[in-house]
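Morning, everyone. Please have the sequence and the structure open while I talk.

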Amino acid sequence: MQNAGIFFDVAEIASFLVILTLLVKPLGVYMARVFEGEKVLLSPVISPIERLICRIAGIRRDDEMDWKQYALSMLVFNALGIAVLLAILLLQGMLPLNPQHLPAFSWDLAINTAVSFVSNTNWQAYGGESAASYATQMAGLTVQNFLSASTGIAVAIALIRGFARRSAQTIGNFWLDITRCALYVLLPLAFVFSIFLVSQGVIQNFSQPVKASLVEQYHSSEEKVVSEQIIPMGPVASQEAIKMLGTNGGGYFNANSAHPFENPTPLTNFFEILMMALIAASLTATFGYMVGDSKQGWAIYTAMMIIFIAAIGILYWAEASGNPILHGLGAYGPSMEGKEVRMGLGGTTLFSATTTAESCGAVNAMHDSLTPVGGMVSMTLMLLGEVVLGGVGSGLYTMLAFAITAVFIAGLMIGRTPEYLGKKIEVFEIWSSMTTILSAGIVVLVTVAIALSTEAGLSSIMNPGAHGLSEILYAYASAANNNGSAFAGLNANTVFYNLTTAAAMLVGRFVPAVAVLALSGSLVKKKYIPPSAGTLPTHQTAFVLWLVIVVMIVGALTYFPALSLGPIIEHIIMNGVR
Amino acid sequence: MDIIQKKSHKFFQKALLWSAFLDSLRKLSPRHLLRNPVMLAVELGSVVTTVNFVVGFFSRPADPAWFTGLVSVWLWLTVLFSTFAESLAEGRGKAQADSLRKTRTEVMAKKLKRPEPGAEYSLVPSDKLMKGDFVLVEANDPIPSDGEVIEGAALVDESAVTGESAPVVRESGGDRSAVTGGTKVISNHIIVRITVDPGETFLDRMICMVEGAKRRKTPNEVALEALLLAITVVFLLVVVNLNPLSAYSAHVAGRGSAVSLTVLVALFVCLAPTTIAALLPAIGIAGMDRLFQRNVIALSGKAIEAAGDVNVLLLDKTGTITLGNRQAVEFTPLGEHTDHEVAEASLMASLTDETPEGRSIVVLAKQKYNLRMHEMPAGARSIPFTAQNRMSGIDVDGQSYRKGAPDSIAKSIASQGKSVPDGLDRCLADIEGTGGTPLVVMKNDEVIGVIHLKDIVKGGIQERFAALRKMGIMTTMITGDSYLTAATIAAEAGVDDFQAQAKPEQKLHWIRGYQANGYMVAMTGDGTNDAPALAQADVAVAMNTGTQAAREAANIIDLDSNPTKLMDIVEIGKQLLMTRGSLTTFSIANDIAKYFAIIPAALFTIYPQLGVLGLMRLANPHTAILSAVIFNAIVIPLLIPLALKGVKYRPMPAEKLLIYNLLVFGAGGIIAPFIGIKLIDMAISLFV
């Protein structure tokens, strides 16, 4: 029986990998053609809308930007996004579509939430259905889900242009890129996916919350008899689709994708996982197509998938092995604490690995209840810098910064001043790549240190011991790497955590993004050096493995002490080592 | 013949070691270390632990005094080893610079009022000579400064600069007019126009470069330093972060205490890429030095680095691919003439021809036909080779003997309304078809035969080109020969491409063409007409025998004037980069073992269970940390020889080379410290 379970789980994971890989090329090439301004399948329908929007917004399609203009546009656009969302959250009580008469967000929570959704993190220090009105969810949060995803993809495309163009000055037009991203990529996919979700039972309405009588009454903590339950309704499917596609991860409900209205069946579970990974994975093919060598894209994809498969393997093994302390009590089997039985072990671990690898942050289980090793795998996937596919756009551009670093050292080792895709890697590229790679790590190290050495930070820990340290580490890893998932068990809705995580999210998102644009601005000016027998081939096995090693080593060296005082010691203690 | 003087080079000469040691102490000054921020951080760490050690006597220290003391000592040694490596590399250059400087001793120059022989002169110290002055240099006079011979010819002993004992001819006009200050005229006298101001002579620049005094960091070195600095910042934060992490853990575990300052600093120094940061300056200096050992002076560090990147080598055929001179191998008669007749006419036509080709004709005539003619017959008139007539010979007793290039002879014949004999074209084609060069022999305006001159391809050159191809470097042969001749030699030598019927002026054009396609081009040159091309090339090697213009346009000077040297330069450039890359990988790979040694030890009081991570089973927490610190320090002097000699370059495809070096320095870098730290720990625990 157990063997059959493992068989089905492995089959589910394998089919996910196969289907994802099959989709990479078609969607990747489609996106490349969209951003190159070429005619695509949807052009006849969307092109008139694009032209109309461009006319209204005053975007001239041949207006190209250098990296500074591009970065400035990106920052202004996101700052506006934060301002608008902040206004919606603070004025929630006065806005329509609020049948539960939910009050405004507190100022610190509003700042945290605004930054969180604009930075594609979707860290939620509030409970979705009990704090945000329909208007907030739709006009505020869902809109930012589209825009933050578009921003990430646009920055990645700008970096790709830095490689693809030769001896040029400009890296594209930010306004045009985000418009095309939203119109041609995100909206059509989200439209189709939300229809599918509705067909499976995900709700989409503006109805009043439903009251349901409980089968069994119980006494609340205040000694009151509770006999009925309020079930909030709302436009869930439309938000659920983009939450996955845009690797946003902010749930409509507090329970996120563990809630049956968000993720009702194993089939929706499978497709939600697939949609999380789809765009980030396909962007590797977009990269290969735009630089004129599809093998380069596959090399990056392979490097990402090597880490991903290793991670899902360890995570699954850790959860399937269960807890030896419970085994001692006669409760054998996998660790099912905090997991939805309808998703099963495979559906849960695949979701957990994907959501942390993908910088999505949606969850269908309690990550806090994962085994120490399982929790460490999901934490590590974030701490590596969200480069295992990663967030839409951000995963690719961070991985390319890693590739530049890897090329630099490898190039030296074969006796050439290093070059990647025919572009010479010099001091400016190293500075901007290191900034991209290391900012999140620096933020995590600093914020964790602050949280552990202040009363405000320590007072939120509800699970003292090594696990409390894991919770804080997980929180800042999630914020700084723009993931958004959380180990519950840490009271995050305090002024201290709202502000420090907001700062972590801002720095973790925008410092690398600007560094990447600067990198692109430097690369785009360089002339192309044709490959020769002495050039390091960056599409072959040796380099792919080297890239994986570089990613792993940077992560390991940065976090080994913290991990050993958190999940590693938890694991050792759980296994009874004295 | 090129004589490559092997300068004696032992790594650890006693005097050199001692002066390097003294210099390394001077280099401990923080101002000097500003150039190397990673080591500066280590020095600050040493100060912190030393202060901690002293303070420990007045308060209750967290660690035993022996531990803090020894950690401090070894941290200081880490910095000292790094400055020592730099001093040692510099010291080896300085020794050479000193020997060069001796030749620069001030001399009194005979400054002429007018650039004419016999003009009045006044004695002026050599360091007062300005650009444009004229000086007279007579036999046994040292040449006071760099300049150009404008009148006369002399034998010059250049051994002070080149190490080559055979004197060379320097004469006005042509490509052998440059003279170098510090060399010595052996016979005859010359008038030299000074071409540089004091302090800027070739010798001055050489001394500067060899000494490393003016050494600027190369772009790639700066980029690597940026990478190392970024990593160091992260490690600093990791270590700072460990303090609250361990304080919290100690609190919740209810035992132990936060990691002590000494241990934090020790961890930081062990994690920071000290190995590569310590050796980085030495690697750069040593690269220059290795070139100098092969009698090559790089006028900028950038040039050596660029040499590692070269994709295209432009090589002159003559002297590089073939032996410098073509040799006559056969006389072919035409029409009714005999080969003996042709040999005789050729001999007559070559009597006054001092070129190696001319000599070889005389030798062949002597050996094969026993014809001897020792001196020129009386009344003979020599017709020298000029660019216009492109033929040479003599007129004697009313007979005229000429030899020349086929097209110029044909033109001459045609101008007299005559025609060439029937068999000529076929005969020429036959010779060119085998890669030879034909010279047409004419007696009394009648073509009587052809001399077959043959290029002799240097032995072992094919293997070198094959090795270059594996490195990803394309060789292009440049020759003034006809297409057919060029193609044959190209095939024989195994070059990738060739340019036939080339003029030196066209080199500039080709270099630009290659560069426009993104290639890095290296070339050698010696003539003034090479100067524009040298200035354009990414790596430009000028022969020391070349003209001043060529030497100024180049960024590398080959004192031996051996064109094949370019390949050595490429190799050294690659070695330089490989040494940096390999030691960086090694340095970072070491960190894994250091973590496994230090983390369980540092957290022992809080979580003794973490001991399961201590794969090395080290004696106790303090010896574990100390062992890691000691390993981190002594690996620097152990790697100094590697840094100075450079990682061996093996011509193989890039991917294979990467795998090879990753296995040696990456995997080796992971494994070596596990063994090293364990051994040191075993040794320490004998005493503790």
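I'll cover one helix, one surface patch and some aromatic rings. Keep in mind that this is a predicted model.

Start with helix 4 of chain A, residues 107-118. Does its length fit? At 1.5 Å a residue, its 12 residues should span 16 Å. The end C-alpha atoms are 16 Å apart, so that agrees.

Is this helix mostly covered or mostly open? Mostly covered: 10 of its 12 residues are buried. Among them are A:Leu109, A:Val115 and A:Phe117. And what covers them? The cover includes helix 3, helix 6 and helix 18 of chain A. Just after helix 4, A:Asn120 takes a positive phi of about 65°.

Now the surface. A:Leu90, A:Leu91, A:Met94, A:Leu95, A:Trp107, A:Val495 and A:Leu499 form a nonpolar patch there. Together they have about 650 Å² of accessible area. Look at A:Leu91, in the loop between helix 3 and helix 4 of chain A. A:Leu91 has a relative accessible area of 38%, so it counts as partly exposed.

Last, the rings. Over all chains, the structure holds 29 aromatic pairs. Take A:Phe270 and A:Phe271: their ring centres are 5.7 Å apart and their planes sit at 85°, so this pair is edge-to-face. A:Phe270 is buried, at 11%. A:Phe271 is partly exposed, at 28%.

Over in chain B, B:Tyr483 and B:Phe498 form a tilted pair, with 50° between the planes. B:Tyr483 lies in helix 17 and B:Phe498 in strand 19, so the pair ties together parts 15 residues apart in sequence. B:Tyr483 is exposed, at 54%, whereas B:Phe498 is buried, at 18%.

Key. Residues are numbered from 1 along each chain as its sequence is written. Chains are lettered from A and ligands numbered from 1 in the order in which they are written. This is a predicted model: local features need pLDDT of at least 70, side-chain atom pairs count only at pLDDT 80 or more; totals for chains, interfaces and linings use all residues. Side-chain values use heavy atoms; hydrogens and water are left out. Helices (H or I, at least four residues) and strands (E, at least two) are DSSP runs, numbered from the N terminus. The expected span of a helix is 1.5 Å times one less than its number of residues. Buried means under 20% relative accessible area, exposed over 50%, partly exposed in between (1.4 Å probe, protein chains only). Contact means heavy atoms within 4.5 Å. Patches are made of residues with over 30% relative accessible area and no salt bridge: like charges are joined within 9 Å, nonpolar side chains (Val, Leu, Ile, Met, Phe, Trp, Tyr) within 5 Å. Accessible areas come from the Shrake-Rupley method with a 1.4 Å probe; for residues, only the protein chains shown count as cover. A salt bridge is a side-chain nitrogen of Lys or Arg within 4 Å of a carboxyl oxygen of Asp or Glu. Rings of Phe, Tyr and Trp (its six-membered ring) pair if their centres lie within 6.5 Å; planes under 30 degrees apart count as stacked, over 60 as edge-to-face and the rest as tilted.
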